[in-house]
Amino acid sequence: MIPEIGHFALITAMVISGIQGIVPLLGASTGSNRWVNTAIPLTRTNWLFMLISFVCLTYSFITNDFSVIYVASNSNTEMPLIFRISAVWGAHEGSLLLWALILSSWAAAVSVFNKGIPPVVLARVLSVMGLIGVGFMSFMLFTSNPFTRLFPAPLQGRSLNPLLQDFGLAIHPPMLYMGYVGLSVAFSFAVAAMIGGKLDAAWARWSRPWTNIAWVFLTFGIALGSWWAYYELGWGGWWFWDPVENASLMPWFIATALIHSLAVTEKRGAFKAWTVLLAIFAFSLSLLGTFLVRSGVLTSVHAFATDPGRGLFILFFLVAVVGSSLTLFAWRAPKLRSSGTFAMNSRETALLLNNVILVVMCTTVLLGTLFPLITDALNVGKYSVGPPYFNTMMVPLAIPLFFVMGLGLMMRWKRDIAIRLIKKMWWVMVLALMAAILLPLLWIPDFNFLTGLGLLMASWVALATLFWIVGQGKSPFKQPLANWGAMIAHIGMAVSITGITLVSVYNAEQDIRLEPGQAYELSGYSFKFEGVEQLQGPNYTGQQGTVVVSFGDKVISTMYPQKRNYGPGSMPMTEAGIDPGLFRDLFVALGEDLGGGSWSLRVYHKPFLRWVWLGAILMSIGGILAAADKRYRKLAMRDEANLQQAVSV
Amino acid sequence: MTPARKRRLYMILLLVGGVGIAAALIFQALQENMNLYYEPVRVVKGEAPIDHNFRMGGMVVEDSIQRDEGSLTVRFGVTDYQETVTVNYTGILPDLFREGQGIITLGRLDTEGNFIAEEVLAKHDENYMPPEVAASLEAAKAAGLETEK
């Protein structure tokens with residue numbers, strides 16, 4: 001009964017989405033207030049039905065209702081409750097339901113937090129979100145229904161892929177979807193502006209907080225995925241340039257460009273058409289990511305079990321969304337004329353450079369990801385593009401990006417003078433150079449050009465940002481939240497790039513064969529293998545090894561890497577033993593049983609790895625602070641806001 | 001030329017120059033890092049490059065796994081049911097690596113026609129078969145060869 005309610009609620013939500021997509025939009029164009037005012041109630045009712053649908057599916061999982069095919073395929077009675085719940089979004093159909101729920105939720109949020117937005121604009125925004133909702137809901141109802149029944153119902157379900165039975169992976173998709181779908185809000189605002197023919201500073205002010213928060217979720221979701229891959233899957237790797245990882249990174253690049261471009265549109269009325277284009281591409285890349293993951297065209301660990309029919313549906317949807325928004329853009333571009341000019345030497349140029357570099361980064365990743373697909377489709381050959389391509393491309397692009405990042409905060413809008421900047425900043429550069437060269441010489445045995453480069457970029461940005469905050473002339477506690485947000489986020493970038501540089505250059509790994517009692521030395525740490533014993537868990541059996549790590553004479557930690565078996569029909573899982581630390585991670589994974597008690601093991605020493613994710617957390621905090629800035633909330637304090645705008649970002 | 005036009009010209013030149021550099025870098029990086037896929041039958045025919053990494057995939061031949069004592073080197077055969085290539089790999093094999101399963105490996109040929117693998121990838125769940133391996137199995141089936149063992 002419950003699955004039927006869920007199914008019916010989904011259908012209802014789709015119908016409401018359809019009405020939501022048409023009526024307010026027509027009302028806005030014909031000037032009918034009644035129709036315009038239906039937007040908010042429709043949006044909230046839509047959300048209510050989506051929630052009912054999702055709760056029904058979750059209930060089916062919790063109560064082990066195996067008459068629903070999706071539940072039977074992804075869950076069984078022996079799985080712990082928390083994983084039965086996260087199994088709801090563990091495979092294709094359920095994850096789409098989550099996507100659609102999140103979409104309705106964002107729309108409902110916009111229907112609540114919209115102070116100062118004229119009803120006509122709001123109606124258009126909510127309508128566009130409704131239309132997107134129709135697309136996803138019909139995709140589900142026609143090709144990927146989570147509520148399909150199975151008669152006779154099996155007594156026991158299959159299992160959730162053991163890889164997914166893990167807390168990190170339970171929250172990674174929801175966070176990422178919050179980001180992907182959040183970009184649809186920016187997209188809807190852009191489309192609404194184009195339809196209305198008006199794009200001004202007020203529009204940018206409405207868009208910015210939503211875009212910032214979507215960006216925060218995307219950043220956090222990507223970092224979570226990297227962290228999860230490290231401890232669960234990647235044999236110590238934290239980023240593989242896997243097509244699905246790239247699918248999340250590309251919208252992130254564009255979203256980062258978008259939040260900076262919005263700043264220019266809000267402050268200076270420039271970059272209008274460009275901002276709209278970025279909003280379109282950010283969301284389009286989210287949809288492209290969805291297509292790549294679910295259509296079966298990619299060879300990847302992330303690829304869902306697939307069906308060409310689904311791939312085709314998403315492809316059509318993607319083409320429809322991108323095609324119609326770009327057509328709208330072409331038609332309305334004359335109305336998006338930017339006022340305001342700026343000199344070559346100005347903050348606008350710095351932000352333009354930021355945008356250009358980020359777009360080029362995105363394009364190189366896009367090319368590397370799609371190249372295998374294109375060559376295969378054209379029958380030129382079956383190519384794959386390896387990580388070295390991406391790593392080679394990112395470094396030369398990152399250098400000018402970080403240089404501008406440090407400089408940009410100090411630059412004046414509209415026109416700045418080179419001499420003024422040099423006079424103010426030269427000593428910051430000297431300090432950064434000293435940090436980049438002296439610190440490694442003191443602490444790192446083998447200095448390396450790349451290390452120096454990475455540390456230089458990091459210290460330049462960190463010092464320049466601190467210099468900027470202090471140089472505002474007011475106590476930091478009296479400065480607007482937007483300034484705090486910018487400071488923390490940019491310092492987060494510096495922390496991440498430090499982690500990336502150091503872990504990439506000084507990462508030590510080795511595959512070894514050890515007998516019980518034997519030890520191996522890596523980077524000064526001694527890894528002593530103490531043998532393997534049998535293991536029993538709630539829904540798995542396996543083997544557990546013991547490895548004692550010492551540095552010199554001191555024992556640092558004991559690690560218990562495991563190999564688990566989750567029952568017939570599932571693959572063996574390797575649980576690594578990790579000793580985490582702020583400045584280094586030690587990592588041991590069991591390889592294979594080589595007989596006679598000896599095993600192959602993989603050991604790692606990873607310096608500063610956690611800084612990569614720490615930086616991402618700082619960036620997320622920065623984004624939240626920036627979105628919470630007063631000027632987005634209080635309309636009455638217009639004068640104070642204007643004053644703050646002059647000194648803040 | 002007015003100052004505004006001059007500025008626009010510089011911007012455009014800068015953009016074109018930047019795009020040119022980016023394109024050159026991309027082509028360079030792609031050239032060195034593209035890995036073409038070859039089936040064992042084509043490798044045996046001599047179509048695969050000698051001095052360059054490439055990917056090869058197929059099924060692991062039953063009873064062909066040999067381990068070196070005291071080291072992590074392992075030798076096994078990879079076949080597409082038309083030809084078989086011997087693969088040498090030093091390191092830990094992935095969890096799902098088993099005889100009779102589909103794998104993809106990355107590496108290069110040595111002078112004796114053995115494949116020295118840098119990386120061995122096995123499929124990640126029972127239902128997944130890498131598209132390339134599936135395609136070559138289809139081709140073998142079409143040629144009337146037996147693909148089930």
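**Entry 1: the start of α8(A)**

I went first to the N-terminal end of α8(A), where Asp166(A) is the cap. One of the side-chain oxygens of Asp166(A) sits 2.9 Å from the backbone nitrogen of Gly168(A). Note to self: this is a predicted model, and every distance here should be read that way.

Next I looked up the helix itself. It covers residues 167-196 of chain A, which is 30 residues. From first C-alpha to last I get 44 Å, close to the 44 Å expected at 1.5 Å a residue. How many of the 30 residues are buried? I count 25, so I put α8(A) down as mostly covered, taking buried as under 20% relative accessible area.

At the far end, Gly197(A) follows α8(A), and I found its phi to be positive, near 75°.

**Entry 2: salt bridges inside chain A**

I pulled the salt bridges over all chains and got 17. I then went through a few of them.

Arg208(A) pairs with Glu266(A), with the closest N and O atoms 2.6 Å apart. Which parts does this pair tie together? Arg208(A) is in α9 (residues 201-233) and Glu266(A) is in α10 (residues 243-268), so the bridge links parts of chain A that are 58 residues apart in sequence. I also checked burial at both ends. Arg208(A) has 9% relative accessibility and counts as buried; Glu266(A) is buried too, at 5%.

Then I turned to Arg602(A) and Asp511(A), whose side chains meet at 2.5 Å, N to O. This one runs between strands: Arg602(A) belongs to β11 and Asp511(A) to β2 of chain A, so parts 91 residues apart in sequence are tied together. Arg602(A) is buried, with a relative accessible area of 12%.

The last pair I followed was Arg610(A) with Asp585(A), a salt bridge at 2.6 Å, N to O. Here a helix meets a strand: Arg610(A) lies in α18 (residues 609-627) and Asp585(A) in β10, so the pair ties parts of chain A that are 25 residues apart in sequence. Buried or exposed? Both Arg610(A) and Asp585(A) come out buried. I also noted a network in which salt bridges with shared partners join Glu4(A), Asp65(A) and Arg149(A).

**Entry 3: where chain A meets chain B**

I moved on to the contact between the chains. Chain A puts in 44 residues and chain B 33. The buried area comes to about 3400 Å², with carbon and sulfur atoms giving 65% of it. Which residues of chain A lose the most area to chain B? I have Lys382(A), Arg513(A) and Glu592(A), together 18% of what that side buries.

For polar links, I found six residue pairs in polar contact between the chains, both residues at pLDDT 80 or more. The salt bridge count across the contact is two. I looked at the one formed by Glu69(B) and Arg513(A), where the closest N and O atoms are 3.9 Å apart. I kept it in with the 4 Å cut-off in mind.

I then asked what chain A brings to this side. Elements that each supply at least two residues include α13 (347-377), α14 (387-408), β2 (508-514), β10 (584-595) and β11 (598-607). α13(A) gives the most, with six residues. By class, I logged 23 nonpolar, 14 polar and seven charged residues on the side of chain A that touches chain B.

Notes. Residues are numbered from 1 along each chain as its sequence is written. Chains are lettered from A and ligands numbered from 1 in the order in which they are written. This is a predicted model: local features need pLDDT of at least 70, side-chain atom pairs count only at pLDDT 80 or more; totals for chains, interfaces and linings use all residues. Side-chain values use heavy atoms; hydrogens and water are left out. Helices (H or I, at least four residues) and strands (E, at least two) are DSSP runs, numbered from the N terminus. The expected span of a helix is 1.5 Å times one less than its number of residues. Buried means under 20% relative accessible area, exposed over 50%, partly exposed in between (1.4 Å probe, protein chains only). A polar contact is a pair of N or O atoms within 3.5 Å; within protein, one must be able to donate a hydrogen and the other to accept it, and residues adjacent in sequence count only if both atoms are side-chain atoms. Contact means heavy atoms within 4.5 Å. Buried area is the accessible area (1.4 Å probe) that two parts lose on being put together, summed over both. Ala, Val, Leu, Ile, Met, Phe, Trp, Tyr, Cys and Pro count as nonpolar, Asp, Glu, Lys and Arg as charged, and the others, Gly among them, as polar.
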